[in-house]
Structures are given as structure tokens and as C-alpha cells.
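Visitor: I would like to learn how to read a ligand site. Please take me through one.

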Amino acid sequence: MLKLPTWTSIEQHAVSAKNFQLVKLFEDDPARAETFRLHCAGLHLDFSKNLISEETQKLFCALGEEANILDSAQAMVVGELVNASEARAALHTLLRTPYGEQPEQLDSHALQVSNALKQVKSISDRLRSGDWRGHTGKEISDIVHIGIGGSYLGPSMVDEALTSEALSAETNSNINCHYVANVDGHHIHQMLAALNPDTTVIIVVSKSFTTMETMLNGKTAKKWLEDAMPLSALQHHLIAITSNVDAAQTYGALPQNILPMWDWVGGRYSVWSAVGLPIAIRYGFDQFNHLLEGAREMDKHFLESDLSKNMPFALAWLGLWYQQFFSVTTQAVIPYDHGLRNFSEHLQQLDMESNGKRVTATGEQVAWDTAPVVWGGEGSNGQHAYHQLLHQGTRAVAVDFILPMQPRHPLTEHHDQLVASCLSQSQALMVGRSRQQMPHLEPELAAQKEMPGNRPSNTITIDKMSAHSLGALIALYEHKVFCQAMLWQINPFDQWGVELGKELGDNIFDAIKGDSARGEAIEFDSSTQLLLRHYLELRAKT
Ligand code: F6P
């Protein structure tokens, strides 16, 4: 595989960079915090607390040029088949391009997007206004959104993130949105038990309309409706979002209540499409539009900014830098915002399903580690849990702190404490505490309390969380993942690695069901056999 020319220079530079001391870098350059700072759409990236110099940035920008990052991004947005292994385009950016501004060759795609948005608006308006009613004539009180992976993570995360936005806004509707993904029956069973079918609409979201979890949850939900109303009434309670229109119609959704998904938008990039319908239902179509506009602003920044001023590219090369030269293998994303408590779950799919690859786009073994293990959770909760490892563990972790500056509540003291907590963490990671600073302690105790410091982090501040800034934040990470894929020369848009587990799951399910045509013919390993036998014995007793 092609080793880009600048890579060798970066390797040489890394030898001396390993001796960088963050505190010293700041002492030597009072303007450092300004130098390593970027802005877009009310988001500010402070990447000054990293083990880098201007030379590091220069080298990575050269590498980015050699990797044709921005040309590849252009190829993506104009609809080239950048997902080569599936011969598909990856046009999530088109979903947030105002109609009329799309590249000429995408006119027909843009029309489909525009029509889908009209459908989202019309359905969400009708539900919010009470025009769409259940079969008994009552207004709809609850939505159950059934989907998994990208058909679930994006909309549920955005819904959570905007909840407190809606506390003060008139945009909030009285309709509750519930999300079910897992096939674990505990969830849907409990959820449906608390709802009234006469005032509930089920939205089944699946691009393929074959995904096992979604199909089974959809079937259970439909049965729950059928038990409460005549078959002819179901149409008032079913919506489907899919590219498999026939299957959705067979399921029972009326054609006008089937919204599109397309093979040119990956599931993990689909929140911008009709998959975001619950956002429009909960907060109004205008808020959904603000989400798209925020993402659009980040798209423009990404596509039009020089690599040295490019926020997604900065996050991308910093990730590579630590992974390749500092043995950092995990990426923590820690938002100090309760609404973003599940943001890292969305990023897990975005990053690990996109870049968890071991061969290049042309099928050669990659010569470097690819996607990091992404994890995280809301601050300040983590400070009383896993931050111990961040400060004193044996492995350094790449950390992105995310901090909205203005709260959406009136409790100033809470927000002051939250801000202080966030800023203190990146500071503590950087400065650490040496034994020399604790001369009064016995050496054994001083060793326990010593914190090495010199641990890097990024801080992304957001002026104020809103649908607009959230859209920009999500798009920021989408483009970061894309840049890393280009640097690693992998295809971020396929996900073949999830297939084998699905097939084997089908085999085991057949065996459980006693389907002799398939299940019994399959020889399982002895461990799987024993586990299965144990399950079947207990199943027979229940
Ligand atoms: O199994 C992985 C995956 O295909 C994801 O890429 C996707 O987001 C999810 O399953 C759900 O797929 P679908 O929308 O087709 O149900």
C-alpha cells in the first residue's frame, strides 16, 4: 500500500515530539492557545493542549494534501461512487443542502430529498396540530420509533440533546417519543404496557426492512395494535421509513405514510433524512431544519477551508498522531451536557462501523491501526468514575471535552460548577502533580498521589446548544471520520464485518426453533452446543 511521502517526515518529527512537555510549550509561547484554535458555527475547537508544535500541524497538512482529502470530499459531495465495495455514493451532505444549491448532476436526488422533507413536514405538522388522529378520533399522544443502529442512534440522541432546548421553547409538542432498538423483549414489553394503542403511532425505521431486531419489534408492536383495534384501523397508527417500499406496504403502512431512505445514504449518516421524523414531531419542522442548517455550515467549512484551518481535519490528524506515535488506542468523548449523555454511543457507530477496517479500499492489509475504541459519557459524572484512569492509568487516552458555554436553565451556580469541572479536567491532565510538589509526604504515599500530567486533550466549546450547533457538532465528527479514512486509505462507508454474526445468529435461531432443514444440519462447536442445550433445557421449563 502507498506510504505517502510526508509520512517519513512525520515519523522523524515524532522522535523529538515525544519529548514535548505541554506546560513548557505554553511557557515558551504565550500565544499558543490562540494559534491552535478554530471556529465554525458557534463551535470553537481549542487544540492547544496537545503534544504538537506548528511543525506538527504543517506536516499533517502536507500529508492531508498528499492524501487528497479535500478532493476526495468533493468527490463524495458530487455523488461519485466513493463506497466502492458496494458501488454506492455517500450523499449525506446532500440531505442538508438547500434545494436548488445541489450540484447539477444531483438534481433528481435533490428532488427526492426535497419531497421527503415535504413529507416529514406534512406528517409532523399533522401530528403536532392534532389533525392526524387515532382510529377512535383521539389525538396522538405517543410515538414509538422502532429501529436499530443508524436507524435509532441519531434520532434518539438528537431528541435527548434538544429536550432541554424545548423546556423554554414553544416548539415542544405534547407528543412523547419513545425509542426501541434492542430485540430484548423486556424493553418493548414494558414500553407498550405503559401506552394506549388508540393514541400511539408506531414508526418502523429500517433501510433494508429486513433487520431482525426491527422486524421483530415491529411485529410485536403491530400485534399490540391489532389486539386493540380492527385491522382496517391500523393505517392510522403505522408509519414506515425505508428503501424497501414493498415490505413496508406488506407490513401495513399506507403508501403515503412510507417515507424514503436511499442506498446513497448510509444508516449512520441518516439522521438528516426522514429518519429524523421524530425530531420534527417533537420540536417542529423548523427545529429539524435548524439541525440541517448547522450541519450545512460545517459542510461548507470543511469543504472550503484550508487544511490548516479545517476543524474536522484537525480532529482527524490529532487522532492519528496519538494512535500512531503515542500508543493511544482509545478515544474518549466527554460532553459536559446532560443532553449529550449518549453522544458517544452515536459516535461509536459513526467511527467504529466506518473505520473499524483492516484492509484498504483496494483490499490490501493496512499497515497501521485504524479506528480507535470510542467511549465516553457525560461530565461531571465520569470524574467520579473513570477519570481516575485518565489521570493515573498506565495508558494515555485521547480525550475530547465538549462544553456548551451558556446553559438552557436558570441555575447559574450549577453551570458555573459544571464549567469549572470541565476546565479543571483538561488542566489537571496537562499539569499533573509531581512528587517534588508533595515534599511533606512519605515517598510511598507521594508515589500513590503522583499524577504524570502531560496528557493531551481537545476542548470543543459551544456558545449555546441549539439544533443548529448540534447539527454542526454531529457533522464535525462525520467529517473527522471521513478524513481519517482517507489518511488510512480505507472505505468508511461499508460495514461487511457485521454480516457473519447475523448469519450465525440465524443458524442458532433455527436450531432453537427446531428447524431441521437448517438448524439441525449445522454442527456447532461444543461450547456453543453446551450453551444452547442449557438454554433449551431452561426454556422447556418456562
Ligand atoms: O448491521 C449494521 C447495520 O446495517 C447498520 O449499518 C445500520 O445502521 C443498521 O444495521 C440498521 O439497518 P436497517 O436500517 O437496514 O435496519
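Visitor: Which pocket does the ligand take up?

Guide: This is a predicted model. In it, the space taken by the ligand is the largest pocket. That pocket has a volume of about 1,300 Å³. It is lined by 42 residues, and those closest to its centre are Ser208, Thr211, Val498, Glu499 and Lys502.

Visitor: Which elements give two or more residues to the lining of the largest pocket?

Guide: Three helices are to be named here: H9 (212-226), H14 (343-355) and H19 (499-513). The largest share of the lining, 7 residues, is from H19.

Visitor: How do the residues of the lining divide by character?

Guide: Into 15 nonpolar, 16 polar and 11 charged residues. The shell around the ligand is a separate list, with 2 nonpolar, 9 polar and 3 charged residues.

Visitor: Which residues of that shell come nearest to the ligand?

Guide: A residue belongs to the shell if one of its heavy atoms lies within 4 Å of the ligand. Of the 14 residues that do, Ser151, Ser206, Lys207, Ser208 and Thr211 come nearest.

Visitor: Where are the polar contacts of the ligand's oxygen atoms?

Guide: Look for pairs of N or O atoms within 3.5 Å. In the side chain of Ser208, an N or O atom is 2.7 Å from a ligand oxygen. At Gly150 the partner is a polar backbone atom, 2.8 Å from an oxygen of the ligand. Gln349 has a side-chain N or O atom 3.1 Å from a ligand oxygen.

Visitor: How much of the ligand's accessible area does the protein cover?

Guide: On its own the ligand has 390 Å² of accessible area, and the protein covers 86% of that.

Key. Residues numbered from 1 in each chain as written. Predicted model: local features only at pLDDT ≥ 70, side-chain atom pairs only at ≥ 80, totals over all residues. Heavy atoms only, no water. Polar contact = N/O pair within 3.5 Å; in protein donor to acceptor, adjacent residues only side chain to side chain. Areas by Shrake-Rupley, 256 points an atom, 1.4 Å probe, with all protein chains shown as cover. 1 Å grid on protein atoms, 1.4 Å probe; cavity = no way out; pocket = protein on both sides within 12 Å on 5 of 7 lines; lining within 4 Å. Sits in = over half its atoms within 2 Å of the grid points. Nonpolar A, V, L, I, M, F, W, Y, C, P; charged D, E, K, R; others polar. Points joined across faces, edges and corners; volume = space filled by probe spheres on them. Helix = DSSP H or I, 4+ residues; strand = E, 2+ residues; numbered from the N terminus.
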